[in-house]
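The following report describes a structural model, with attention to selected loop residues, a ligand site and the confidence of the prediction.

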Amino acid sequence: MSDARQDVLAAVRRALGRGDGATPPSSGRAVPQVTGDTARHAPDGGPTRGPDGTPRGYRGPTGSAGQAADVDLLVDRLLDYRASVRRCSPDELPAVLAQELEGVPGVVVPAGLDRAWLADLDAAGVEVLVDDPAHPLSHAALDAVGAALTACRVAVAETGTIVLDGAPDQGRRVVTLLPDRHVCVVAHGQVVPGVPDAVALLGEHPERPLTWVSGPSATSDIELVRVEGVHGPRDLRVVLVG
Amino acid sequence: MSAVPLGMPGRRVPDGQVGRGPTVGRGRGDAAVHPLPATPPSDPLRWGPSFPEAAHETLADPQLRANLRRATRTIRDKRLAVTGELPDWEALRDAGAAVKADVMERLPELLVELEASVVARGGTVHWARDAAEANAIVVGIAQGHGVREVVKVKSMATQEIGLNEALADAGIEAVETDLAERIVQLAGDMPSHILVPAIHRNRAQIRDIFAAGMDDAPPDLTDDPHDLAMAARAHLRARFLRAEVAVSGANLAIADTGTVAVVESEGNGRMCLTLPRVLVTVMGIEKVLPTFRDLEVFLQLLPRSSTGERMNPYTSMWTGVTPGDGPQEFHLVLLDNGRTRALADDVGRQALHCIRCSACLNVCPVYERAGGHAYGSVYPGPIGAILTPQLLGVGDTGGPSGSHDPTASLPFASTLCGACYDACPVKIDIPSALVHLRERATHPGGAATPTPTTAAMRVAAVALGGGTRFRWAARGVSVAARLTGGRRLRRLPWPGSLWTAARDAPALPPRSFRDLWRRRGGRA
Ligand code: SF4
């Protein structure tokens, strides 16, 4: 039996008219074949092309973060997704978190979370479970705990998106998946205007497992009626600090 | 109401196969829940009669047509709202189109690079020439872990290869975890839309499907969508927690980092991609993207075009295996299954640029009236009309069954109105590809044999009949000009000539296509 890998790659090369023996170019992006409308509708003088040859005439990374207008836009987008949003100063954070976690028997936190954030939880009667990679909690334990509290890596204002990248203050992916409430702390300085800014930041550690969260889980599968909370946390609470 | 619902005539069930789907009783209201087809079709890319015949069945079902109309219009309006608010939407489309064209040009190198990146991060890469090979790989992995059940994320690629049936044949149950897919699966049905696969079912039907098919359905289950979703949550949570092997598709994979992404709404994807020990991802070879940076283009294009949201609730990305977090064994299956056949056609190749957003379905007047099942393939709508025949090689010398194939009529299942082209986030020129494939379909293997009998006119009569005015006529003129780069749309060989003759009529009178058809001595 011949090798599937070789056969598929040979079929691709044949389809491209290169013939089986052709040596593929080793690097560099081919000049895109821009056809039809793409070519005709290009701005005068042709689309802006990046060094890789792709026309990148769209708004790219801005390098800015924490702008007040972007923080406001993020709040607006999150509310549109029916997430709950609180804003507070760093000093107020422990008290606000205690309020956001009111009513749950316990909360799981990743091992790298700033412990100062938890200062008021004891008084509020919320038990804290720490998920330490060296001693990970079982799925059953995470399924039984009521809430998860984490930081995030970056938040995108324009789309109302929070991205977790598994750093020690965000924890394993399962930590924010099984509990029904996710309380996520976002610092103003983590809020970027658009998706390209977030991709540029995340590209510093592309190997980390990423979870992009935009509102609570939802489905519109039954007669297009939106139902919030199918499998992921039904209750997303964002606390903006700054 | 039709005795044979949903465009799924009984003869679509291959002879001699015994139904596995549950028999479900009548729902509230007039809509019965039909368990057809009782078995999945033997070929997910080609089932049932030709498009015109199947569309006849769909058109006779008022419930289905009302559901489709509502769904397509709702999603269409949402999409227009969220694409309209981006000042650089057209520039993003240009970038998406260019990246995809580049991917096709450099596909061999990018696949080798992706493989190396995934392997470097602890993953295993498999290559599959066809559906059978891909299925054997997945079945082998599941058997290697001794499991009887795998959890699945909705995936077009695994539907295309009939993976669930292959697993079932090996005694392994594949549990679909997307709500709509679970509905379809419990009903023993086929999806009718890429994005909302159960759009042909109403809430009363879904209640009955759950009551009959879920052993743990609450006895007092109502038909309220919230109750139904919560029943599915409880039903599936137990399966997520015990699953050891998950199977997913991929929306994209990044060659330079090995990062794979799944875009979803419900969180079932996160469950499958996080909880089990073993993850198997089946991905068409055309889904590779060159660089991590390209995410900034596709993570804007896809959600807005697909569900009409600024961003979908959840997107998961992983790169090989992350020690201590998520599956500790990751397999990526790279699937050809006809894709290189499509790649060889430099016009049809565009079909491989598709990011499966389903925008073209929601704007298509033929889809809205005929429904997804009429296309007889897991890929319905305009994209299905150009992708399915190419994956199968219809019209090629040595193609599976040449122009006698039911899918040979698919390129005719369109009015060429161009709405799909305008909606497509990666600017796939579906009308041009349709015209091109019509020529191929009418000249299989180069011989001028007009075998797809009057397909064009039959599609027109069926899909646009019933008194509907040919309101796309005026628009068609500009499309025709665009298709030919300013030249007049040339006449197609018969039977396509019937079509072009009608479309070229200088000013189509407000007369139904049915009338035109009759005047030509046809029979609707
Ligand atoms: S052809 Fe374009 S519009 Fe249609 S599903 Fe594919 S990407 Fe979306």
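A:A167 counts as buried at 12% relative accessibility, where buried means under 20% relative accessible area, exposed over 50% and partly exposed in between (1.4 Å probe, protein chains only). A:A167 belongs to the loop between β6 (161-164) and β7 (181-187) of chain A; helices (H or I, at least four residues) and strands (E, at least two) are DSSP runs, numbered from the N terminus. Between the C-alpha atoms of A:A167 and A:P110, 57 residues apart along the chain, the separation is 9.1 Å.

This is a predicted model, in which local features need pLDDT of at least 70 and side-chain atom pairs count only at pLDDT 80 or more, while totals for chains, interfaces and linings use all residues. Residues are numbered from 1 along each chain as its sequence is written, chains are lettered from A and ligands numbered from 1 in the order in which they are written, and side-chain values use heavy atoms, with hydrogens and water left out.

Chain A contains 7 helices and 12 strands, and 53% of its 242 residues are buried. Of the contacts (heavy atoms within 4.5 Å) in chain A with a separation of 6 or more, 67% join residues 24 or more positions apart. The mean pLDDT (the predictor's confidence in each residue, from 0 to 100) of chain A is 88, with 86% of its residues at 70 or more. Over residues 21-47 of chain A, however, the pLDDT is below 50, and this stretch has 39 contacts in the model beyond near neighbours in sequence. Where pLDDT is low, the predicted coordinates should not be read in detail.

In chain B, B:G348 lies in the loop between α13 (339-343) and α14 (359-363) and is buried, with a relative accessible area of 0%. Leaving aside residues up to four places away in sequence, B:G348 touches B:A342, B:Q390 and B:H436. B:L387, 39 residues away from B:G348 in sequence, is 8.0 Å from it in space, C-alpha to C-alpha.

Most residues other than glycine have a negative phi. Two residues of chain B with positive phi are listed below.

| Residue | Phi | Loop in chain B | Relative accessible area |
|---|---|---|---|
| B:N337 | near 45° | between β10 (329-335) and α13 | 14%, buried |
| B:R356 | about 55° | between α13 and α14 | 12%, buried |

B:R356 is also among the residues around the ligand (a heavy atom within 4 Å), as are B:C354, B:C357, B:C360 and B:C424.
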